Every structure is written in structure tokens, then in C-alpha cells.
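Student: I would like a close look at a single part of this structure, the strands at its middle and whatever packs around them. Could you take me through that part in one connected account?

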Amino acid sequence: MKILQFLVIGKNQEILDTLKRIIENNEGWLAEICNDEKHCYQYLENNHVDVVLLSSGLDEEFEKEIKVFCENIEGRVEVIDHYGGGSGLLKNEVYSLFPNLLP
């Protein structure tokens, strides 16, 4: 089974905690959360990440910059703009990027 590593970035700690719980309710999905834009670059440089999940409260300029940064990381790092919609929407967003993981 493939393990998916997520980095969830946002400003609302309660939402980040909820997203971490929702992600980790799926077998093989692991999440790290970050509410500090500067720290997330360092995390991405030093850790394997499959998916960066952008949550609420982020500056538009940061979102553009992190997407470019992820494109330039060796290996495949997907970025999902996720601003709500529940666990069903989140699963669909992930499975659209990784259709081979569909149950």
C-alpha cells in the first residue's frame, strides 16, 4: 500500500487540526500541519511530501509562491487548494491526483 504524506498549510489552527484528523482517518494517509509560511519551505526541503494541501487564511502571493516551489522540488509534489467542503470532497481531490489509490 502506498503511503501518502501530506503537508497541510493554513492559518486557522482548529481547521488544521480537523484536516489532519480527516486525512489520517484514511489508511496510509499521514499529515503534518503548518501555520507558518516560512517553516513550510524548510519542511518541504527536508521531508518527503506527496501532497501540499492549502487551507484557509493564506495570502494569495504565498499560495502562488508555494505552488512554484513545489513544482521545482525533485519528485512529484501535488498541490490542492482546499477551502472546505468536507471529507468527501477532500477524498475526491486526492483521488483525482492519485487514481491508482481508489479503493
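Tutor: What follows is a walk from strand to strand and then out to the helix that links two of them. Please keep in mind throughout that this is a predicted model.

A good place to begin is strand β1, residues 4-9, which is mostly covered, since 5 of its 6 residues are buried. Strand β1 is paired with two other strands. With β2, residues 29-34, β1 runs parallel and is joined by 6 bridges, and within that pairing Leu4 stands opposite Trp29. With β3, residues 51-54, β1 is again parallel, here joined by 4 bridges; Phe6 stands opposite Val51 of β3, and Val8 has Leu53 as its bridge partner in that strand. The connection from β1 to β2 involves helix α1, residues 13-24, and the three elements together make a right-handed β-α-β unit.

Phe6 deserves a pause, as it links this strand pairing to the packing of side chains. The largest nonpolar core has 17 residues, and Phe6, Val8, Ile23 and Val94 are those with the most contacts inside it. At least two residues of this core come from each of β1, α1, β2, β3 and α4 (86-97), while the largest share, 4 residues, is supplied by α1. Leaving aside neighbours within four places in sequence, Phe6 is in contact with Ile23, Trp29, Leu30, Ala31, Glu32, Val49, Val51 and Val94. Apart from that core lies another, of 16 residues, and Leu7, Val52, Ile66 and Ile73 are among them. As a general background to such clusters, nonpolar side chains tend to be buried together in soluble globular proteins.

Strand β3 is covered on both of its faces: Val51 and Leu53 are buried on one side, and Val52 and Leu54 are buried on the other. β3 also pairs with β4, in the parallel sense and over 4 bridges, and the bridge partner of Val51 in β4 is Glu78. Between these two strands the chain passes through α3, and this β-α-β crossover from β3 to β4 is right-handed. Glu78, found in strand β4, may catch a biochemist's eye. Its relative accessible area is 15%, and Glu78 therefore counts as buried, the cut-off being under 20%. Apart from neighbours within four places in sequence, Glu78 is in contact with Asp50, Val51, Val52, Leu97 and Phe98.

That leaves the linking helix. α3, residues 60-71, has 12 residues and reaches 17 Å from its first C-alpha to its last, close to the 16 Å expected at 1.5 Å a residue. The buried residues of α3 are Phe62, Glu63, Ile66 and Cys70. Because these residues cover an arc of only 100° around the axis, they lie on the same side of α3. The general geometry is that an α-helix has 3.6 residues a turn, so residues three or four places apart point the same way. What the buried residues of α3 pack against is β1, α2 (37-46), β3 and β4 (78-81), whereas the face turned away from that buried side carries the exposed residues Glu60 and Glu71.

To set against these covered positions, consider Asn100, which is placed in the segment after α4. Asn100 has a relative accessibility of 61% and so counts as exposed. Although Asn100 and Lys2 are 98 residues apart in sequence, their C-alpha atoms are 9.7 Å apart in space.

Methods: Residues are numbered from 1 along each chain as its sequence is written. This is a predicted model: local features need pLDDT of at least 70, side-chain atom pairs count only at pLDDT 80 or more; totals for chains, interfaces and linings use all residues. Side-chain values use heavy atoms; hydrogens and water are left out. Buried means under 20% relative accessible area, exposed over 50%, partly exposed in between (1.4 Å probe, protein chains only). Two strands pair if DSSP finds at least two bridges between them. A crossover is right-handed if, with the strands pointing away from the viewer, the path from the first strand over the helix to the second runs clockwise. A nonpolar core is a set of buried Ala, Val, Leu, Ile, Met, Phe, Trp, Tyr and Cys residues joined through side-chain atoms within 4.5 Å. Contact means heavy atoms within 4.5 Å. The expected span of a helix is 1.5 Å times one less than its number of residues. The arc is that of the directions from the helix axis to the C-beta atoms.
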